[in-house]
Amino acid sequence: MFVMRLPFSSVPQVLKSCTEFIERHGVVDGIYRLSGIASNIQKLRHEFDSEQIPELTKDLYLQDIHCVGSLCKLYFRELPNPLLTYQLYEKFSDSVSVASDEDRLIKVHDVIQQLPPPHYRNTIAERKGRLLELAHGTLEFLMRHLARLATFSYITNMHSKNLAIVWAPNLLRSRQIESACFSGTAAFMEVRIQSVVVEFILNHVDMLFSSKISSVMREGA
């Protein structure tokens, strides 16, 4: 039940605090892949729920760095509507099915632009204590963080593909597959689509969130 409010920013404090900590202290083997101690995750969660900004440099967290990464993923996992939204799942799936990277760039960029608009992104609404709206800015913030982390894969063993695999289920899901409790082929395909979409965004973050994409679109027109 994450209820930390950010009246002047569209990027949740949970994300800001956790990513800052990880970039300073968490460039370690298996970051975001390995889980922290459950009791430490719950303690950290409680601190955010109490609308505090936790002191992450406590020995408790420095000795269990993975609990901070686990908490960050849990935050996104528990949102009622994933960051990339149930509504856009099929469009994201279609966007990565095209052959060329150039076409993918254009299509993925187009779908990203359909995420909740800026006037919603700067407002945090709550239902049953959970955040309803997440920002386009939140997606860029998270992806740029993961892209920076990927450059340290020689230390963490977490290159972009591995980061995409562990993060994707928290960011993109199919409501239809979830509600029907599908397994087997359908579930496997969802996992594949999730990771392909997130890895593509992660690998092209500079293009997707800059004006450079406009020139690509003009050339492709």
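1. In this note, a helix is a DSSP run of H or I that spans at least four residues, and helices are numbered from the N terminus. On that basis, Thr 85 lies in the loop that runs between helix 4 and helix 5. The phi angle of Thr 85 is near 70 degrees, which is a positive value in a residue other than glycine. Thr 85 is also buried, because its relative accessibility is 7% and the term applies to values under 20%.

2. The reader should keep in mind that the model is predicted. The mean pLDDT of the protein chain is 82, and 76% of the residues reach 70 or more. Residues 1-8 have a pLDDT below 50, and this stretch has 33 contacts in the model beyond near neighbours in sequence. The pLDDT is likewise below 50 over residues 117-135, a stretch for which the model shows 43 contacts beyond near neighbours in sequence. Any reading of those contacts should be made with the pLDDT of the two stretches in view.

3. As to the overall composition, the protein chain contains 14 helices and 2 strands. It has 221 residues, of which 48% count as buried. When contacts between residues at least 6 apart in sequence are considered, 75% of them join residues at least 24 apart.

4. A second loop residue calls for the same attention as Thr 85. Asn 157 is placed in the loop between helix 9 (153-156) and helix 10. Its phi is near 60 degrees, again a positive value in a residue other than glycine. Asn 157 is partly exposed, because its relative accessible area is 46%.

5. How do helix 4 and helix 10 pack, in terms of angle and distance? Helix 4 covers residues 65-77, and its axis lies 7 Å from that of helix 10, at an angle of about 35 degrees. On the helix 4 side, the contact is made by Cys 72, Lys 73, Phe 76 and Arg 77; on the helix 10 side, by Val 166, Trp 167, Pro 169, Asn 170 and Leu 171. These residues divide into 6 nonpolar, 1 polar and 2 charged.

6. Val 166, one of the helix 10 residues in that contact, merits a closer look. Helix 10 spans residues 160-171 and includes Val 166. Although Val 166 and Arg 33 are 133 residues apart along the chain, their C-alpha atoms are separated by 6.2 Å. Leaving aside residues up to four places away in sequence, Val 166 touches Tyr 32, Arg 33, Lys 73 and Met 158.

7. The aromatic residues may be taken next. The whole structure holds 4 aromatic pairs. In one of them, the ring centres of Tyr 75 and Phe 76 are 5.1 Å apart and the planes stand at 85 degrees, so the pair is edge-to-face. Both partners are buried: Tyr 75 has a relative accessibility of 2%, and Phe 76 has 0%. The rings of Phe 152 and Tyr 154, by contrast, form a tilted pair, because their planes are at 40 degrees, with the centres 6.3 Å apart. Phe 152 is partly exposed at 32% relative accessibility, whereas Tyr 154 is exposed at 63%.

8. Which residues form one aromatic cluster together with Tyr 75? The other members are Tyr 32, Phe 76 and Trp 167. Two of these members also appear in the packing of point 5, where Phe 76 contributes from helix 4 and Trp 167 from helix 10. Tyr 32 is, in addition, among the residues touched by Val 166.

9. Helix 5 offers two residues for comparison. Ser 95 belongs to this helix, which covers residues 89-95, and Lys 91 is found there as well. Is Ser 95 buried or exposed? Ser 95 is buried, because its relative accessibility is 2%. Lys 91, on the other hand, is partly exposed at 42%.

10. The surroundings of these two residues complete the picture. The side chain of Ser 95 reaches the backbone oxygen of Phe 92 at 2.7 Å. Beyond residues up to four places away in sequence, Ser 95 touches Arg 104, Lys 107, Val 108 and Val 111. On the same condition, Lys 91 touches Val 111 and Gln 114. Val 111 is therefore a residue that both Ser 95 and Lys 91 touch, where contact means heavy atoms within 4.5 Å. Lys 107, touched by Ser 95, is 16 residues from Lys 91 along the chain, and the C-alpha atoms of Lys 91 and Lys 107 are separated by 8.7 Å.

Note on methods:
Residues are numbered from 1 along each chain as its sequence is written. This is a predicted model: local features need pLDDT of at least 70, side-chain atom pairs count only at pLDDT 80 or more; totals for chains, interfaces and linings use all residues. Side-chain values use heavy atoms; hydrogens and water are left out. Buried means under 20% relative accessible area, exposed over 50%, partly exposed in between (1.4 Å probe, protein chains only). A polar contact is a pair of N or O atoms within 3.5 Å; within protein, one must be able to donate a hydrogen and the other to accept it, and residues adjacent in sequence count only if both atoms are side-chain atoms. Rings of Phe, Tyr and Trp (its six-membered ring) pair if their centres lie within 6.5 Å; planes under 30 degrees apart count as stacked, over 60 as edge-to-face and the rest as tilted. Axes are lines fitted to C-alpha atoms, for helices over the stretch in contact, and angles run from 0 to 180 degrees between N-to-C directions. Ala, Val, Leu, Ile, Met, Phe, Trp, Tyr, Cys and Pro count as nonpolar, Asp, Glu, Lys and Arg as charged, and the others, Gly among them, as polar. pLDDT is the predictor's confidence in each residue, from 0 to 100.
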